[in-house]
Amino acid sequence: MIQCVKCQSENTADLEKCQECGTDLLPGEGLADRLSYIVYGIVGGVLSGIGAYFLIQSEIELPECLLISPQLCLLATIGLPIMGIASALRKTPLYQRYATRARRHIELDPEQAIADFSQALELAPEKEQAGLLKERAELYGKLGMEEEATRDELDYTSTEGAYSGGRGIARFFGADDDVYAADRGEDDRKAMVAAGRVKALGYCSKCARVVELNPKLRCPDHASPKPKAVRFVLPDEVEAAIPEVLNEYTKESRTKRNVAIIAGLVVGGPLLCCLLTYAIGRLRFPTTQATATVSPIPVVSSPSPTQEITSTPEPTILVPSPTSVTGGDFTDASIMSTGWLQDGSLLVTLHIPSGVEGIYHAVVGGNEFTCDILEEYPDRLYCHGKGVKSGTQVGASWYQEGIELPVYETVFTVP
Ligand SMILES: [Zn+2]
Ligand SMILES: [Zn+2]
């Protein structure tokens, strides 16, 4: 129910005007409020003027990090009264009308207050939302609606205009107030996780899945690396949020990979060119010097006078080998096929176009998989293991023996 400001009669929430006296049920600011803006503006202006006068008279050297300067005070002397008058004359924004009505109904009709706060939040510009969220959270708390209160408090920690008081102080001392607000927000979220009111989720690349993080926002089993795609949810939203976090992680790693590929092309193209010219240069040099030596290997059988020259130099070493030293280049790797083996284990075949060498293992959905390279397919890794459920989406990482970081990571749906 909405109470009329003028005649105090009760009206249903769908009415725009009081059914008794016809007064607007969503009024703008009254005369008293508007006058107070002008008074504040003038008082502020006078105080700034006095401040400017003293600063100029005393010639005090102020530390540079402080925001106060005679110029700024002079500006405020003129600016504050103008701002006051402008605020007094403006049309009250709709979100503010809802917020004012909400505050008036906190005691009268809390439900109406919640509805009005929600309406105000929907209409308010982002910078103004923080304060409204805080007020609504407080009201939810008072009504014993813990879940709703927690959600508002959580949203508050990452809203643009949050921690305005501390922000002002940070700015006054020349600090970056955005950094300050981000730090405060993170501290508050950590505290909410520690209290068990909020759960933190993130993708741990060592577990190869989305895990519930501890209050330090790390995987409970692995202190490093830092979990990716971290997200905060209410305890009963965890299950629904896990696939979303996984999706977010895949999206993030895909853009990261694209950036890496582009960077690789930009840096790698000219580098490859340099290497090629260098290799060709080196190739050409010995061949011109010892032309006779490259071809006559079969000549060895026949004892001829040329043999003496051929046996001494060994230019064949200079021919560069095409295989890379690291065991494989995984930039173009992709899953070639997946399928079930007769013993119930899953076979994942990874295709590495440029070939692969060495010993590998994989972690698929948190399960250890062993990998083999078959002689006739030197560009494939056949990895198999158990414990993965059919129809689920899992993260998979490939590791080379002795190297901690995965050589390749992806997400796929188990057949
Ligand atoms: Zn009325
Ligand atoms: Zn982990």
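Is Val46 buried, exposed or partly exposed, and how many other C-beta atoms lie within 10 Å? In this predicted model, Val46 belongs to helix α1, which covers residues 31–58. The residue has 13 other C-beta atoms within 10 Å and is therefore partly exposed, because the exposed class ends at 12 or fewer and the buried class begins at 20 or more. Val46 is separated from Leu74 by 28 residues in sequence, and the C-alpha atoms of the two residues are 10.0 Å apart in space.

The chain as a whole comprises 415 residues, of which 20% are buried. Its secondary structure consists of 11 helices and 12 strands. Among contacts with a separation of 6 or more, 49% are made by residues 24 or more positions apart. The average pLDDT of the chain is 85, and 87% of the residues reach a score of at least 70. Confidence is under 50 over residues 286–325. For that stretch the model has 24 contacts beyond four places in sequence.

Two helix pairs were examined. Helix α4 spans residues 110–123 and helix α5 spans residues 126–142. Their axes are 10 Å apart and form an angle of about 160°. The two helices are therefore roughly antiparallel to each other, since an angle over 145 degrees falls in that class. The crossing of α4 and α5 is left-handed. On the α4 side, the residues that meet α5 are Pro110, Ala113, Ile114, Phe117, Ala120 and Leu121. On the α5 side, the contacts come from Gln129, Leu132, Leu133, Glu135, Arg136 and Leu139.

The second pair is formed by α7, which covers residues 164–172, and helix α8, which covers residues 177–194. Here the axes lie 8 Å apart, and the packing angle is about 140°. This pair is therefore oblique, because roughly antiparallel applies to angles over 145 degrees. The crossing of α7 and α8 is right-handed. In α7, the residues involved are Gly166, Arg167, Ala170 and Arg171. They meet Asp177, Tyr180, Ala181 and Arg184 of α8.

The loop between α6 (146–157) and α7 contains Tyr163. Phi of Tyr163 is near 55°, a positive value in a residue that is not glycine. With 21 C-beta neighbours inside 10 Å, Tyr163 counts as buried, as the limit for that class is 20 or more.

An open sheet of 3 strands has the order β4-β3-β5, and its pairing is antiparallel. Strands β4 and β5 are the edges, each pairing on one side only. From one strand to the next the twist averages 25°. Strands in a sheet are paired through hydrogen bonds of the backbone, in either a parallel or an antiparallel manner. In the pairing of β3 (residues 199–204) with β4 (residues 209–212), 4 bridges are present. One of the bridge partners in β4 is Arg209, which is matched with Cys204. Val211, also in β4, is the bridge partner of Gly202.

The hairpin of β3 and β4 has 4 residues between its strands. Ala208 is located in this loop. Although Ala208 is not a glycine, its phi is positive, at about 60°. Ala208 is buried, because 21 other C-beta atoms lie within 10 Å.

A further backbone feature occurs in the loop between β4 and β5, the latter spanning residues 228–233. Pro225 lies in this loop, and the peptide bond that joins Ser224 to Pro225 is cis. Omega for this bond is about 0°.

Terms used: Residues are numbered from 1 along each chain as its sequence is written. Chains are lettered from A and ligands numbered from 1 in the order in which they are written. This is a predicted model: local features need pLDDT of at least 70, side-chain atom pairs count only at pLDDT 80 or more; totals for chains, interfaces and linings use all residues. Two strands pair if DSSP finds at least two bridges between them. pLDDT is the predictor's confidence in each residue, from 0 to 100. Two residues are in contact if their C-beta atoms, placed from the backbone, lie within 7 Å. Axes are lines fitted to C-alpha atoms, for helices over the stretch in contact, and angles run from 0 to 180 degrees between N-to-C directions. Angles under 35 degrees count as roughly parallel, over 145 as roughly antiparallel, 65 to 115 as roughly perpendicular and the rest as oblique. A crossing is left-handed if the near helix is turned anticlockwise from the far one by less than a right angle, and right-handed if clockwise.
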